[in-house]
Amino acid sequence: MHYKLALIGFGNVGKNFAKLLERKKTRLKKEFGITYQIVAIATGSHGLAINPRGLDARKILAHLSKKGSLAAFHRGKPVSGVVDLIKRCGADILFEISPQNPWTGQPALGYIEAALQKKMHVITANKGPIVHGYQKLRRLAARSRVQLRHEGVVMDGTPIFNLYESTLPATDVRGFEGILNATTNFLINAMENGKPIDTALEEAKALGIVEANPAVDVEGWDATSKLCCLANVLMGANLRPQDVDREGIQNLSPEKLHEARHRGNCIRLVVRAWREGRKVRGSVKPTEIPLTHTFATLSADTTILTLDTDTMEKISIVEGPGGPHQTAFALLSDFINVARA
Ligand SMILES: NC(=O)c1ccc[n+]([C@@H]2O[C@H](COP(=O)([O-])OP(=O)(O)OC[C@H]3O[C@@H](n4cnc5c(N)ncnc54)[C@H](OP(=O)(O)O)[C@@H]3O)[C@@H](O)[C@H]2O)c1
C-alpha cells in the first residue's frame, strides 16, 4: 500500500524520522508492503512546503542544514499556514511532531483535529494533544474511521501503548508509578554530587537535554504531562495537568539529598496514578525511596514505568538513554501499525 505523509514539525524528531524512513525503505516494502512519499512538511520558522509529487527528504535535510527555508520546495498556490497545508496536502497520514505546549496542547491539538476531520490517520509524539484532548480526538478518529497513534509521547520509542494494546488484552490498569523525566534525574544526580541546582541546570543545558523553557522539566510539567497521557489512555481518565498534585525539584538542594542518603534513601521525581472510586488521581513529587528500591538503582539517564494491572499484577518497563532516535522509531512503529490495520 502506498502512503502520502505530511510532517508537522521538522526538528530533531522529524529529521531523525525522515532518515529512519530512508534507512528502512527496502524493509518497509519487502516485509510490510509499504511504500511512501512525503508530500508536505511544516515548520515554525523555516517555512512550509507541499509537493503532491513528493518532497525529496535528503535534499531538504541538506538545504535546512545551511539555514535554508522550505519555501524553495513548495509547488502550487502559496500556503497561508499549517492548517491550510493540512487541508490541502492530500496526505493519508499526518505526523504531528511540533513542540509540546503542556498548558493547552495548542496549536498541535487544532492541527490534529483538522487532520482527523480530513480523514487522515494521525501519529504524534507530542504530549500536549493527548493531555488536553485525547478522549475527544479518539471519538473524532473513530467517526472518521482512521487511527490516532501516539507511542512516542512517553519514554520515546519504548513500547508502552502498543505493548498494552497488543499484549495485555482485557486487562485493567489499576495504577502506575515511574520515573519519566530523564532531565530531572540528571539534575538530581548532579546535586547528589554536591552541585547546586543552577550549576546542574547549566550543565544540562549545555548537553541539550533541557526543554526550551526549563520550568517544563524543573517544575515537573513534563512529568505531569506524561502522567496525564498514561492515565488518559491506559486508565480512561480525563486528567489535565491542573488536576495533578505537582511539585517540581526546584526546592531540592545537595544538603537535602545528603540528608536523605544518611537515612539510607535517595530522592527521585516520582510519578504516580491510582484510582479513587471512579476517579483517577495523580501526583508528581520528589519522593524519598530506599536505596534498595529498583527506582533507586537505575542510572541517571534511565526512565522506568511500573504498571499495576488486574491480570499481571506489576510489570515494569525500563528505557536506557533515549532521545529523538528512539522517538523516530515510535513514529515508524506507529506507521507500520496503521498499515497493518
Ligand atoms: N526530542 C525527543 O527526544 C522527544 C522525545 C519524545 C517526544 N518528543 C516530542 O516530539 C515533538 C518534537 O520534538 P523535537 O525534539 O523534534 O522538537 P524540535 O527539535 O524543537 O522541533 C520542533 C519542530 O516543530 C516546528 N514548529 C515550531 N512551532 C511550530 C508550529 N507552530 N507549527 C508547526 N511546526 C512548528 C519547528 O520549526 P522551527 O525550527 O522552524 O521553529 C521544528 O521544525 C515535541 O512535541 C516533543 O515534546 C520529543
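This briefing describes the fold, packing and local backbone features of one protein chain.

The model is a predicted one, and its chain contains 14 helices and 12 strands. The radius of gyration is 21 Å, close to the 20 Å that the globule rule gives for 341 residues, so the chain is as compact as a globular protein of that length. Along the principal axes, the C-alpha trace spans about 65 × 45 × 35 Å.

**Overall packing**

- Of the 341 residues in the chain, 55% are buried.
- Among the contacts with a sequence separation of 6 or more, 68% are between residues that lie 24 or more positions apart.
- One pair of residues illustrates a link across the sequence: I336 and I34 are 302 residues apart in sequence, while their C-alpha atoms are 8.0 Å apart in space.
- I336 is placed in helix α14, which covers residues 324–340, and it counts as buried because its relative accessible area of 11% is under the 20% limit.
- When its neighbours within four places in sequence are left aside, I336 is in contact with L28, F32 and I34.
- A second pair shows another combination of separations, since G194 and A42 are 152 residues apart in sequence and 43 Å apart in space, C-alpha to C-alpha.
- G194 sits in the loop that runs between α8 (182–192) and α9 (197–206), and with a relative accessibility of 48% G194 counts as partly exposed.

**Helix α1 against helix α3**

- Two packed helices are described by the angle between their axes and the distance between the axes.
- For helix α1 (residues 12–23) and α3, the axes come within 10 Å and cross at roughly 145 degrees, and the crossing in which α1 passes α3 is left-handed.
- On the α1 side the contact is made by K15, A18, K19 and E22, and on the α3 side by A57, R58, L61 and L64.
- Sorted by type, the residues in this contact of α1 with α3 comprise 4 nonpolar and 4 charged residues, with no polar ones.

**Helix α5 and its surroundings**

- Helix α5 is mostly covered, with 8 of its 10 residues buried.
- The buried residues of α5 are A108, L109, Y111, I112, E113, A114, A115 and L116, a set in which the charged residue E113 appears beside nonpolar ones.
- These buried residues of α5 pack against both strands and helices, namely β1 (2–8), α4, β4, β5 (121–124), α6 (127–144) and β6 (148–149).
- Ahead of the helix, a cis peptide bond with an omega of about 0 degrees joins Q106 and P107, and P107 is placed in the loop between β4 (93–96) and α5 (108–117).
- Just after α5, K119 takes a positive phi of about 65 degrees.

**Positive phi values elsewhere**

- K67 has a positive phi of about 65 degrees although it is not a glycine, and K67 is found in the loop between α3 (57–65) and α4 (82–88).
- K67 counts as exposed because its relative accessibility is 76%, which is over the 50% limit.
- E313, likewise a residue other than glycine, has a positive phi near 55 degrees, and E313 lies in strand β12, which covers residues 313–319.
- With a relative accessibility of 45%, E313 counts as partly exposed.

**Cysteines**

- The count of disulfides in the model comes to 0, where a disulfide would require a pair of cysteine sulfur atoms within 2.5 Å.
- For C228, the closest cysteine sulfur is that of C229 at 7.2 Å, so the two are too far apart for a bond, and the same distance is found when the search starts from C229, whose closest cysteine sulfur is in C228.
- C228 counts as buried, with a relative accessibility of 0%, and C229 is also buried, with a relative accessible area of 0%.

Methods:
Residues numbered from 1 in each chain as written. Predicted model: local features only at pLDDT ≥ 70, side-chain atom pairs only at ≥ 80, totals over all residues. Heavy atoms only, no water. Helix = DSSP H or I, 4+ residues; strand = E, 2+ residues; numbered from the N terminus. Buried < 20%, exposed > 50% of the residue type's maximum accessible area, 1.4 Å probe, protein only. Axes fitted to C-alpha atoms, helices over the stretch in contact; angles between N-to-C directions. Left-handed = near helix turned anticlockwise from the far one by under 90°. Contact = heavy atoms within 4.5 Å. Rg over C-alpha atoms; globule rule 2.2 N^0.38 Å.
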